[in-house]
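Me: Could you take a close look at one part of this model for me, the place where two helices cross, and then walk me outwards from there? Keep it informal, but keep the geometry in.

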Amino acid sequence: MTVRIVQLGSDRAADEGVRIGTVRRPPRGVPKSEFASQNWYDVWYPNLAPSVETMKLGQQADTPAQWAAFSKKYRAEMATPEATRTLEVLAALSHTGNFSVGCYCEDEAHCHRSVLRALLAEKGAKIG
């Protein structure tokens, strides 16, 4: 039983479970009825996506210092009581079932999901 951190739209692992899209916007040009069948996500949960302002910081981050500034701002957003509770729930669920969370970005190292992975680990999630 684990949570996987994935790129939305990528092929699913056989035992991946429910795929949660932690993105600000749904995929463009894809009918809502095809989100799951095209491996985007089963459930859209933008509550774990960076705010638009923070997302722009991450997209524009070209240096380690800029990435650190993005990371710090996103972590601050995820420190709200609502986000903290969500992370704690997901961490607990990772011990009883398989599911995944993800974003569209190709490079996880330059994506909010790398920070999300760390946040989940800090809450005790079992990450696969």
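Reply: Sure. Let's start with helix H3 (residues 81–93) and helix H4 (residues 112–122), whose axes come within 9 Å and cross at roughly 70°. That angle falls in the 65 to 115 degree range, so H3 and H4 count as roughly perpendicular to each other. Bear in mind that this is a predicted model, so everything here is computed from predicted coordinates.

Who does the touching? On the H3 side you'll find Leu87, Leu90 and Ala91, and on the H4 side Leu116, Leu119 and Leu120. Sort the residues of this contact by class and you get 6 nonpolar, no polar and no charged.

Now stay with H4 for a moment and look at Ala121, which sits in that helix. Ala121 has a relative accessibility of 43% and therefore counts as partly exposed, since that label covers the range between the 20% and 50% cut-offs. Ala121 and Ala91 are 30 residues apart in sequence, yet their C-alpha atoms are 7.6 Å apart in space. Ala91 is also one of the H3 residues in the helix contact.

For a second helix pair, go to helix H1 (residues 52–60) and helix H2 (residues 64–77). They pack at an angle of about 155°, with their axes 8 Å apart. Anything over 145 degrees counts as roughly antiparallel, which is why H1 and H2 get that description. Their crossing is left-handed.

The residue list for this contact has Glu53, Thr54, Leu57, Gly58 and Gln60 from H1, against Gln66, Trp67, Phe70, Lys73, Tyr74 and Glu77 from H2. By class, the contact of H1 with H2 comes to 4 nonpolar, 4 polar and 3 charged residues. Set that beside the contact of H3 with H4, with its 6 nonpolar, no polar and no charged.

Three of those H2 names deserve a second look: Trp67, Phe70 and Tyr74 form one aromatic cluster. The model's count comes to 4 aromatic pairs. One of them is Trp67 with Phe70, a tilted pair at 4.6 Å centre to centre with 40° between the planes. Both residues lie in helix H2, 3 residues apart, which is about one turn of the helix. As for accessibility, the cut-off for buried is under 20%. Trp67 has a relative accessible area of 17%, so it is buried, and Phe70, at 2%, counts as buried too.

Back in H1, have a look at Val52, which belongs to that helix. Val52 is partly exposed, because its relative accessibility is 32%. Leaving aside neighbours within four places in sequence, Val52 is in contact with Arg24 and Arg25. For Val52 and Arg24, the separation is 28 residues along the sequence and 7.5 Å in space, C-alpha to C-alpha.

One last stop, outside the helices: Asn39, in the loop between strand E2 (18–21) and strand E3 (43–44). Its backbone is the thing to check, with a positive phi of about 65° although Asn39 is not a glycine. Most residues other than glycine have a negative phi. Asn39 has a relative accessibility of 17%, so it counts as buried.

Methods:
Residues numbered from 1 in each chain as written. Predicted model: local features only at pLDDT ≥ 70, side-chain atom pairs only at ≥ 80, totals over all residues. Heavy atoms only, no water. Axes fitted to C-alpha atoms, helices over the stretch in contact; angles between N-to-C directions. Helix = DSSP H or I, 4+ residues; strand = E, 2+ residues; numbered from the N terminus. Parallel < 35°, antiparallel > 145°, perpendicular 65-115°, else oblique. Left-handed = near helix turned anticlockwise from the far one by under 90°. Contact = heavy atoms within 4.5 Å. Nonpolar A, V, L, I, M, F, W, Y, C, P; charged D, E, K, R; others polar. Phe/Tyr/Trp six-rings, centres within 6.5 Å; stacked < 30°, edge-to-face > 60°. Buried < 20%, exposed > 50% of the residue type's maximum accessible area, 1.4 Å probe, protein only.
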